[in-house]
Amino acid sequence: MLTGGRSRRMGRDKALLSVDDVPMARRVAQVLLTAGAADVTCIGGDLHGLRAAGLSAVPDDDPDAGPLGGVLTAIGTLAAAIVVIAPCDLLDPQPALFTTLAGALADRSSAGAAVPSTDGRWRPLPVALRASCRDALDAAYASGERAVHRALAQLDLVIVAVAAGTLADADTPEDLRGRR
């Protein structure tokens, strides 16, 4: 799970920000585990705070590289053929989202990644990604690419339609209105 970043628009670390009395990263981690993840590791951010919240956490290999750097760290850290990478700021994470992405990728052996789509537009995160795509993503990164969506666009993608609210995230304090 990606927990790095500066959270500039939020004004504070989103990963440890409580929503419904649970840190956002912990909420997403619990749903990933419910979806069948063997292990959830937080990539980047406040490692001490994440560990104090009961989460496994490792530093970003390149903390200033944005989400693509975090994706590369995740692929290199986790020993699995298919890795599901989620942002920590999903407002209503659902196990079905993660199992559907992983299942869609497993069902299409030629694909490198499965991404969600709403209203005809795919999103780069969350993503189910084959670890074998590491070289292609490393090459994109080495060429100066830092955007996850442009790096993923170079792969054979499985586009998975999901309900519109499924991908809602919290970028600003206003996104958390009505939540504790």
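Okay, so helix H5, residues 134–142: arginine 134 and aspartate 138 sit four residues apart in that helix, so about one helical turn separates them. This is a predicted model, by the way, so keep that in mind throughout. The side chains of those two meet in a salt bridge, 2.9 Å from N to O. Arginine 134 is partly exposed, with a relative accessible area of 24%, and aspartate 138 is partly exposed as well, at 27%. As for the general background, an α-helix has 3.6 residues a turn, so residues three or four places apart point the same way.

How many salt bridges are there by this count? Six. Let me take you through a couple that reach further along the chain.

Aspartate 171 and arginine 9 meet through their side chains in a salt bridge, 3.8 Å N to O. Aspartate 171 is in the segment after strand E9, residues 157–161, while arginine 9 is in the segment before E1, so this pair ties together parts that are 162 residues apart in sequence. Buried or exposed, what are aspartate 171 and arginine 9? Aspartate 171 counts as buried, at 17% relative accessibility, whereas arginine 9 counts as exposed, at 61%.

Then there's arginine 108 with aspartate 156, a salt bridge at 2.4 Å, N to O. That one also links distant parts of the chain, 48 residues apart: arginine 108 is in the loop between H4 and strand E6 (113–118), and aspartate 156 is in the loop between helix H6 (148–152) and E9. Arginine 108 is partly exposed, at 32% relative accessibility, and for aspartate 156, also partly exposed, the figure is 32%.

Now, aspartate 89. You'll find it in the loop between E5 and H4, and it's buried, with a relative accessible area of 6%. Its side chain makes a polar contact of 2.7 Å with the side chain of lysine 14. Which residues does aspartate 89 touch, leaving aside its neighbours within four places in sequence? Lys14, Met24, Ala168, Asp169, Ala170 and Asp171.

Staying with strand E5, residues 82–85, look at how the side chains alternate. Val83 and Ile85 point to one face and are buried, while Ile82 and Val84 point to the other face and are not buried. E5 runs antiparallel to strand E8, residues 127–130, with four bridges joining the two. If you're looking for register, valine 83 stands opposite leucine 129 in E8.

E5 comes up again with helix H1. H1 covers residues 24–34, and its buried residues are Met24, Ala25, Arg27, Val28, Ala29, Val31 and Leu32. Yes, there's an arginine in that list. What covers them? The cover includes strand E1 (18–19), strand E2 (22–23), helix H2 (47–52), strand E5 and helix H4 (95–107). Following H1 is glycine 36, with a positive phi near 115°.

Last topic, cysteines. How many disulfides does the count give? Zero. Take cysteine 42, which is in no disulfide: the nearest cysteine sulfur belongs to cysteine 88, 7.9 Å away. Cysteine 42 is buried, with a relative accessible area of 0%. Cysteine 133 counts as buried too, at 8% relative accessibility.

That's my tour. Happy to rotate the view if anyone wants another look.

How values were computed
Residues are numbered from 1 along each chain as its sequence is written. This is a predicted model: local features need pLDDT of at least 70, side-chain atom pairs count only at pLDDT 80 or more; totals for chains, interfaces and linings use all residues. Side-chain values use heavy atoms; hydrogens and water are left out. Buried means under 20% relative accessible area, exposed over 50%, partly exposed in between (1.4 Å probe, protein chains only). Contact means heavy atoms within 4.5 Å. Two strands pair if DSSP finds at least two bridges between them. A polar contact is a pair of N or O atoms within 3.5 Å; within protein, one must be able to donate a hydrogen and the other to accept it, and residues adjacent in sequence count only if both atoms are side-chain atoms. A disulfide is a pair of cysteine sulfur atoms within 2.5 Å. A salt bridge is a side-chain nitrogen of Lys or Arg within 4 Å of a carboxyl oxygen of Asp or Glu.
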